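Here is a short tour of one protein chain. Keep the sequence and the 3D view side by side as you read.

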Amino acid sequence: MKTFVLLCSLLASTATIGQSRIHLIPQPVSVQEKQGSFTPGPKTSIRYDPAFREAALYLGEVLSIPVARILPGQTAGAQTILLSKQKSADSAAYILSIRPSLIKATASHPAGILYAVQSIAQLYLTSRDNQLPCAEITDKPRFGYRGLMLDVSRHFAPPEYVKKTIDLLSLYKMNRLHLHLTDGAGWRIQMDKYPKLTSKAAWRTHRNWKDWWKSDRSFSLENNPEAHGGYFTKAQARELVTYAARRGITIIPEIEMPGHSDEVLEAYPHLKCPNVTHKTGEFCIGNDSTFTFMQDVLTEIMEIFPSTYLHIGGDEAGKGNWKKCPKCQQRIRDQKLKDEDELQSYAIRRIEQFISSKGRKLLGWDEILEGGLAPGSTVMSWRGERGGIEAARMGHDVIMTPGSHCYFDHYQQDPATQPEAIGGYLPLQKVYSYEPIPAELEKEKQHHVLGAQANVWTEYIPTTEHLDYMIFPRIIALSETVWSDPSKKNWDDFLSRLYYHYRLLQKKNVNYCRPADKVDIKPAFDSTLLTATVQLNTEQYQPEIRYTLDGTNPVSSSTLYTGPFIINKTVQVRTAIFRNGKAVQKADTLLLDFHKALGKSVTYNRKWVSYPAQKERTLVNGYKGSLTYQDGQWQGFTSDLDVVIDLGKTEALRDVSCTFMQITGPGVYMPDFVEVFVSDDGKTFTSAGKALNDVPTDENRLRFKSFRVQPVNTSARYIHFYAKNHTGFLFADEIVVY
Ligand SMILES: [Zn+2]
């Protein structure tokens with residue numbers, strides 16, 4: 001019952017929520033709240049150490065203090081905000097003391113003082129009365145890399161929007177903005193040596209990426225009145241770099257190679273493999289012009305962006321062209337490479353040498369591991385954490401950006417209520433739950449994990465309002481994950497603070513995603529599977545949740561949820577949030593099945609692939625899958641699902657069912673059919689029935705279907721459950737037996 005104890009302690013700690021006047025996100029190392037307030041007003045002045053002028057001016061803007069009252073020096077009068085320098089081992093650490101007539105912020109470095117100033121800004125912007133509550137705060141970040149990646153290739157975002165994003169990232173103490181400047185759908189930065197990259201490859205025939213993708217994917221010309229697109233001029237990019245630096249943020253530019261470069265090869269076709277006549281995204285690695293191009297481009301990029309890291313992509317290169325290209329094959333022979341993986345690795349290594357010769361560092365997606373990792377390179381682990389773990393074990397630095405927790409292009413609430421997204425399901429609480437250091441990574445390698453980053457790919461995000469919606473509030477949840485110590489994290493407490501930040505986002509004109517009126521019903525089955533402790537979660541702050549266990553819809557007199565409750569038999573839990581005596585939405589429901597196969601032993605005739613979920617326990621552990629197959633309850637097979645359940649004794653059987661998922665984008669299909677066989681001795685089985693699929697295979701909406709077999713007058717000890725794989729992936733969550 002470990003889980004139950006944990007849940008209770010979490011709830012106990014939320015008892016005091018609501019009284020505090022301090023709602024900082026991310027949560028600082030320590031906060032001592034005091035009586036009284038500092039009220040910024042016409043007499044307030046700022047005095048700063050000369051190193052902290054930038055932060056002082058910024059604070060003046062936030063609190064509307066005129067420049068004339070922002071002066072260097074350390075003499076404090078009445079109503080002074082003092083920014084002082086003091087030695088500290090951590091350049092990002094700060095101490096903040098707020099008293100009724102004096103605010104004193106100390107740090108060793110402009111980074112630390114900026115974070116102190118942003119804490120003051122947050123307290124001001126989240127207060128109801130423009131007062132700063134008195135407090136003593138000490139703080140420093142857990143990770144040095146706290147990032148957001150913005151894809152400005154699929155849909156261009158203008159400089160004003162990038163600045164707005166920089167302001168908000170800084171407010172939440174994030175410190176890296178990774179700009180995905182180039183991709184097949186558009187090149188977004190002026191290059192003097194290759195003017196066609198912006199006169200042609202930055203402009204396309206359709207504004208919306210999806211329409212363009214479905215068309216013949218043509219590029220247009222800058223002066224064509226019907227062209228859609230855009231790019232940053234060098235002057236604009238430099239201005240962004242300076243602007244970001246003032247807000248404590250480094251912009252990391254990404255130039256994609258050797259794949260995802262369709263737009264370059266449309267503008268400069270001599271860089272593709274010579275025998276390729278169709279459109280392609282891969283540079284020819286056998287052609288030295290490719291390296292001349294990359295070095296020329298990176299040279300101009302380095303002139304604009306002082307960032308130590310240069311991101312070169314490296315992801316998802318199709319290697320088919322290289323197999324058939326005489327030049328690429330010649331390169332493989334000349335360099336004594338084993339295959340096309342090593343050819344990709346050769347290209348990355350060559351670029352890495354160039355970058356490191358200029359005193360910079362190469363950053364790439366985890367595919368740069370394939371065929372051998374270039375020395376001195378840092379890996380962004382996006383296909384889960386595996387690449388990150390592997391690279392860290394090899395002694396390379398890594399930044400965690402796994403799709404499961406960091407892809408902000410995924411749905412954040414029930415897809416039925418949301419604008420179309422590329423897929424996936426990443427609700428706010430899941431972002432918040434992320435832990436960047438994988439449990440399996442050895443302690444002495446953990447320092448290689450520099451931090452984490454959210455990625456916003458924009459294929460399905462055509463406007464900046466929509467971008468806001470996908471980024472906020474999820475980035476606020478991530479900010480606490482990368483800044484605060486795990487011991488300081490608490491979902492309920494976070495929600496109570498976030499409530500005040502919605503007001504801040506409104507003041508900043510951010511089109512954030514509003515908290516859903518949805519109740520997430522989370523059962524925790526105990527180890528002997530005789531009971532389940534049910535917790536109800538929502539994104540709402542202290543909502544009135546009512547529930548029933550008898551299958552009826554909750555009404556205003558139904559049981560009020562006050563904390564986790566225990567269930568020991570099959571019930572349907574129905575819950576709803578109430579306001580002013582009325583349910584605000586349709587009830588959320590979950591069937592808790594205490595069925596005959598629960599916790600019984602399962603033998604796999606064929607193993608799961610890639611998606612083990614809870615391994616042998618998955619199909620009989622009581623848990624249903626959620627909206628995403630990455631939730632650890634859906635088990636994935638590329639073969640047929642073929643298992644035998646031993647009930648331990650002969651039981652009467654009347655109903656055997658299992659739910660499957662279909663989402664055709666990633667290749668997940670319903671089984672063609674399900675057949676159930678039964679046996680008393682585990683050797684001789686007879687068929688107890690078959691259930692056929694009726695979901696069309698071209699149905700591309702997310703679909704779930706329960707396949708059910710109802711044996712007649714049957715009892716047995718062993719159940720052989722078989723589901724025929726249509727093609728691709730088969731995902732199952734629970735085999736329910738009655
Ligand atoms: Zn080639």
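Helix axes are lines fitted to C-alpha atoms over the stretch in contact, and angles run from 0 to 180 degrees between N-to-C directions. With that in hand, take a first look at the chain. The model is predicted.

## Domains

The chain is divided into four parts: domain 1 (22-139), domain 2 (145-507), domain 3 (534-592) and domain 4 (601-737). The C-alpha centres of domain 1 and domain 3 lie 44 Å apart.

## Two helices side by side

Start with helix 4 (residues 159-171) and helix 7 (residues 234-246). Their axes come within 10 Å and cross at roughly 10 degrees. Angles under 35 degrees count as roughly parallel. Helix 4 and helix 7 are therefore roughly parallel to each other.

Which residues make the contact? Helix 4 brings P159, V162, K163 and I166. Helix 7 brings Q236, L240, Y243 and A244. The residues of this contact divide into 6 nonpolar, 1 polar and 1 charged.

## An open sheet of seven strands

Next comes an open sheet. Its 7 strands follow the order 1-7-5-6-4-2-3, and the pairing is mixed. Strand 1 (30-38) and strand 3 are the edge strands, and each pairs on one side only. From one strand to the next, the twist averages 15 degrees.

Inside the sheet, strand 4 and strand 6 (residues 102-107) run parallel, joined by 6 bridges. L83 has A105 of strand 6 as its bridge partner.

## Helices across the sheet

Helix 2 lies across strand 2, strand 3 and strand 4. Helix 2 runs at about 170 degrees to strand 2. Which residues of helix 2 (residues 53-63) are buried? They are A55, A56, Y58, L59 and G60. Their cover includes strand 2 (45-48), strand 3 (70-72), strand 4 (80-85) and helix 3 (110-126). Just after helix 2, S64 takes a positive phi of about 55 degrees.

Helix 3 lies across strand 4, strand 5 (94-98), strand 6 and strand 7 (132-139). Its direction is at about 145 degrees to strand 6.

## Strand 16 and its neighbours

Strand 16 (residues 361-365) is mostly covered, with 4 of its 5 residues buried. Strand 15 (residues 309-313) runs parallel to strand 16, and 3 bridges join the two. Here L310 has L362 as its bridge partner.

Strand 16 also runs parallel to strand 17 (residues 377-381), joined by 4 bridges. In this pairing G364 stands opposite V379 of strand 17.

## Helix 16

Helix 16 (residues 464-471) has these buried residues: L467, D468, Y469, M470 and I471. What do they pack against? Their neighbours are strand 19 (449-456) and helix 17 (474-483).

## Strand 31 and its partners

Strand 31 (residues 656-662) is mostly covered as well: 6 of its 7 residues are buried. Strand 31 pairs with strand 34 (residues 703-709) in the antiparallel sense, over 7 bridges. In that pairing, S657 has R708 of strand 34 as its bridge partner.

Strand 36 (residues 730-737) also pairs with strand 31 in the antiparallel sense, over 4 bridges. F660 stands opposite A732 in strand 36.

Note on methods:
Residues numbered from 1 in each chain as written. Predicted model: local features only at pLDDT ≥ 70, side-chain atom pairs only at ≥ 80, totals over all residues. Buried ≥ 20, exposed ≤ 12 C-beta atoms within 10 Å, placed from the backbone. Contact = placed C-beta atoms within 7 Å. Domains from an automatic or database assignment. Pairing = 2+ DSSP bridges. Parallel < 35°, antiparallel > 145°, perpendicular 65-115°, else oblique. Nonpolar A, V, L, I, M, F, W, Y, C, P; charged D, E, K, R; others polar.
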